[in-house]
Amino acid sequence: MSSSRRSFLALTGLCGAEALLHGPRAASAGQQPSRIPAPKSAPASADAGMALLAASRLLADESLLRTALAAATKAGASYADARLVLMRRERVGVRDDHVSGIGRSEDYGVGLRVIADGGWGFAATAERSAKAVEGIARAAVAMARQSALLMPQPVTLAPAPVLQGGWVSPFQVDPFSIAPAEKAELLLAAARAALAVPGVAHVDASVACVREEKLVMTSEGSRVHQIFFRVIPGLTTTAIDRRRGRFAGRDHEVAPMLAGWEHVTAADLVGSAPKIAEEALQKLHAAPAVPGKKHAILAPSNLWLTIHESIGHSTELDRALGYEANYAGTSFLGPDKAGKVKIGSEIVNLAADRTQPGGLATTAWDDEAVASQRWDLVKKGTFVGWQTTRDLAAAAGEPASRGCSYADSYASVPFQRMPNVSLQPGTEGYTTEDLIAATDDGVLITGRGSWSIDQQRYNFQFSGQFFWEIKHGRLTRPLRDVAYQANTVESGARVTCSEGQTRTASAAA
């Protein structure tokens, strides 16, 4: 294991990396996929990216967006944004020595969101005709007028510049250019490599690919066209001790990324499969943790989910305002708490970033045509900034949106969605080995395990994939069934072992 403290912490988060871009500005399409601000890492070929945009199926239907906007305005909308979204998904999976499934799907349609009489309305259709989009315009405006009757105050949008542009997420190899049969053979080869390790009984491997294409137009005059590639490789090995009736699974810790097929190649599923298999065996026969006070060192592959759940969701302003309470709950933070709540020590800094290369939430513009940006959520341990959209920014009295509006389908309503959220590196230059060497009695936790958090993103418990005992500055042996629990604003955590005993673990970041 070798990594610097800077890389260790910069990689911690949804997809932690140093920011490359700064605040929102106007953008226009040029001779290549362009945006201002623009990523420093561009597509492998700007010409290839431009060719993708120029050959887009969406361009043939672009007039439908103009028709929808005009119809919404005629019906009484004071604002409207229309989206053409083409979403392609593919998943190939194998189990042991056979293909367990190949799935492909595609959905394509028009979504229209409006403000009328101070309320929001939305409607969508998969039928791409002028009659259909005029119909959803009337339906959206009617919904908005009904919504307005229940609004405590009218919807107001923070100002945003008019933008024109196009962008393709950086990639080298289009994942949809790789045939499913070739993907399956790679996964079967990885499964064979893992099954060659004695004691490993089962292997599941998969790769999912997403191609999202989106054209957004607003009644204010913005037009942005983007294409995103996302890939999600996975490999899980399972070891079984039939005599004792026990089993243990070990996942490859490769993260999903905004990237092309090159990310799957770099993950080296075949080459890494034997190690993943051996670690499943180590996990199967690992000793339970010994009760006592422990220090916890959380690897980026584990800490990202803790950050996502405790910091990411709690700093979404719609949750703090009570607008959003579905699935992930509300927030322990009140709407007036920016700059007033301590979440960590002075060395804790967490940033939101929709610009970092590879981040799943990275984009050029959001679904309101607001340019992506980077900003502080927690600065020197204090909560300082919200995640916002245009209406949320106006509700908070902020001058501009943070560009967090997103809908995962043409048929979904755009609303505030989480950016990439990352713990920022310190200035000391410590390595992971330095952290371990400074730990007399602790546990190194890697990978994502089970998790639970309350409806205000406050009290939580997380586990992991693999656990190493640390004694006197050295990794000594694997452990099993470790979990840590704490709450978002306290510095201590409690680590639970398989016998149900607990002990305090101080943060090692």
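**Figure 1. Aromatic pairs in the predicted model.** Search the whole structure, which is a predicted model, and eight aromatic pairs turn up. The one picked out here joins phenylalanine 462 and tyrosine 484, whose rings are stacked, with 6.0 Å from centre to centre and 25° between the planes. Phenylalanine 462 belongs to strand S19 (residues 459-462) and tyrosine 484 to strand S22 (residues 483-487), so this pair ties together parts of the chain that are 22 residues apart in sequence. Both phenylalanine 462 and tyrosine 484 are buried. Phe460 joins in too: with Phe462 and Tyr484 it makes up one aromatic cluster.

**Figure 2. Charges over the ring of phenylalanine 176.** Here's a ring with charged company. Arginine 88 lies over the face of phenylalanine 176, 4.5 Å from the ring centre. Lysine 183 also has its charged end over the ring of phenylalanine 176, at 5.7 Å from the centre.

**Figure 3. The largest nonpolar core.** This core has 35 residues, and the ones that touch the most other members are Ile307, Ile311, Leu350, Leu377 and Ile445. Helix H8 (residues 300-312) gives the core its largest share, four residues. Now zoom in on leucine 350. Which residues does leucine 350 contact, leaving aside its neighbours within four places in sequence? They are Ile307, Ile311, Asp376, Leu377, Val378, Ser422 and Leu423.

**Figure 4. Another core, apart from the largest one.** A separate nonpolar core of 32 residues lies apart from the one in the previous view. Its members include Leu187, Val197, Ala267 and Ala277.

**Figure 5. A look along helix H7.** Helix H7 covers residues 269-284, which makes 16 residues. From its first C-alpha to its last, H7 reaches 21 Å, close to the 22 Å expected at 1.5 Å a residue. Which residues of H7 are buried? They are Leu269, Ser272, Ala273, Ile276, Ala277, Glu279, Ala280, Leu281, Lys283 and Leu284. One of them, Ala277, is also a member of the 32-residue core.

**Figure 6. Stepping back to the whole chain.** To place the close-ups, here's the full picture: the chain has eleven helices and 24 strands. Of its 509 residues, 54% count as buried. Looking at contacts with a separation of 6 or more, 72% are between residues 24 or more positions apart. As for the outside, the chain exposes about 21000 Å², and carbon and sulfur atoms supply 54% of that area.

Methods. Residues numbered from 1 in each chain as written. Predicted model: local features only at pLDDT ≥ 70, side-chain atom pairs only at ≥ 80, totals over all residues. Heavy atoms only, no water. Phe/Tyr/Trp six-rings, centres within 6.5 Å; stacked < 30°, edge-to-face > 60°. Helix = DSSP H or I, 4+ residues; strand = E, 2+ residues; numbered from the N terminus. Buried < 20%, exposed > 50% of the residue type's maximum accessible area, 1.4 Å probe, protein only. Lys NZ or Arg CZ within 6 Å of the ring centre and 35° of its normal. Core = buried A, V, L, I, M, F, W, Y, C linked by side-chain atoms within 4.5 Å. Contact = heavy atoms within 4.5 Å. Areas by Shrake-Rupley, 256 points an atom, 1.4 Å probe, with all protein chains shown as cover. Expected span 1.5 Å × (residues − 1).
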